[in-house]
Amino acid sequence: MLSIKGYKAKDLCDPHLAPSRRSFLRVGSAGMLGLSLPNLLQLQSANATAKSGGGPGWGKAKSIILVYLQGGPSHLDLWDPKENVPDNVKSIFKPISTKLPGIKFTENLPKLSQINDRFTTIRSMSYTPNGLFNHTAAIYQMMTGYTTDKVSPSGQLEPPSPKDFPNFGSNIINLLPVDEPMLPFVMLPRPLQESNVVGKGGTAGFLGKSFDPYTLYPSGDDLDMGKMDRIKIDDLKLRPEVFSVRLQRRASLRTLLNEQMPAINKAVESYELDEYYDRALSLIVSGRARDAFNLGAESNDTRDKYGRNTFGQSCLLARRLVEAGTRVVEVIWPKVANSDNHSWDHHAGLSKRMKEQSAPMLDNGLSALIEDLDDRGMLDETLVVAVGEFGRSPQRGVSTSGNNNSDDGRDHWPYCYTAVMAGAGTKRGYVHGKSDKTASAPLEDPVHPAELLATIYHSFGIAPETIVYNHLKQPRELVKAEALTQLLT
């Protein structure tokens, strides 16, 4: 048998992603058995999970809440403060002790610092950008596991396309369909966005629209903190004149007619219309999704704990959705990437904006989510991941991406940043990796975004190398990386 070796993530320019045994294409003796390359690839797809399954954390996650800190929060001013460094590197915020001896956060995270014994902190997220490292390109990589080879003159990606790689949530619900009458994948409270590029990395791409997320984007400006109280879910309601019994009776009639029309059924069978119709029907009739969206059912104390703002109430709604049976919830930071006021994109005004706007919302919302899930016994099967597309530059006032930065601002920095994981077999009170003296680069155990995605797939019992087929029927791995099982138990 001839074995042609390849290299994992060779298109990502990251030397720490070493060659993988999974990047082998084996040909030769199979031809004697009458198996073509497509046959082999189909067999690989069918058997991938069986071959690579098992190990710490395998299959423990039944659902995931991704808290996506779009905009790129400064790790030095939140999770990874540094002392005894130059003034233009050192955070203006005081370091504080946490539940873990020797581990410090900044004063911006008083609540998360007291529960970091319940989650894993990854202080060595890192990648070398492929071309310009703008928000859109970094978001696409984080959400899909792949980089793009086509950007606009400004450095941004083109708008979403049916040819895009799928969002990881779309892959999960494709491979692990929800068996409850519930929305499988929900994205809220706003789309992924940089400038006029909206939704890139947030769709099912070549998997098809049936695996797109249900998008819950309440009306109102990004700074409208009460928008979650105006959630509209009209498409999940029955019209007043249509009772559920009548709707189900119509479905029975439809089934009877279909039995008499085998030719038509055969012509449209590839579209799986019966499956989608039945799924939509059960969702509407059950009312389960409508009930989950009712934040008013929560006590005032609970809502206050999460924070009476868009981010906090989105985190609370995420918990309610998972509780009702949703598999994937992506909570997108409620302010567009490259903007001011509540955004993490702190090119200027970091001191005030971090202290008074973004950090308090994060501290309240994320800490409440982890504690609430844990106290309810849901954290055992719910994976929580909080991460942005990159961190911020160690030196204030310098330009690393062509942006203008004030002395009170930090530019984009993909070379080192921090992420948080909790639940579903993730180690409690564990700090993975270590940044160097100025938090400029990983000193130990660098973690690529693709490896984080591989770990998410592994947690769901899905082998990262599982094959899916793109719009040209070409085989593609879910992600070209291995799961970080050292994060899991």
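Two strands pair if DSSP finds at least two bridges between them. Strands (E, at least two residues) and helices (H or I, at least four) are DSSP runs, numbered from the N terminus.

The model is predicted: local features need pLDDT of at least 70, side-chain atom pairs count only at pLDDT 80 or more, and totals for chains, interfaces and linings use all residues. Residues are numbered from 1 along each chain as its sequence is written, and side-chain values use heavy atoms, with hydrogens and water left out.

**Exercise 1.** Find the bridge partners of Val 186 in E11 and in E10.

*Solution.*
- Step 1. Take E11 (residues 328-332): 4 bridges join this strand to E7, and the two run parallel. The partner of Val 186 there is Val 329.
- Step 2. Take E10 (residues 214-215): this strand pairs with E7 in the parallel sense, over 2 bridges. Here Val 186 is bridged to Tyr 214.
- Step 3. Check the side chains of E7 (residues 185-188). Val 186 and Leu 188 point one way, Phe 185 and Met 187 the other, and all are buried (under 20% relative accessible area; exposed is over 50%, partly exposed in between; 1.4 Å probe, protein chains only).

**Exercise 2.** Describe the salt bridge between Lys 352 and Glu 356.

*Solution.*
- Step 1. Apply the rule: a side-chain nitrogen of Lys or Arg lies within 4 Å of a carboxyl oxygen of Asp or Glu. This pair has N to O at 2.8 Å.
- Step 2. Locate the pair. Both residues lie in helix H11, 4 residues apart, about one turn of the helix.
- Step 3. Classify each end. Lys 352 is exposed because its relative accessibility is 51%. Glu 356 is exposed because its value is 53%.
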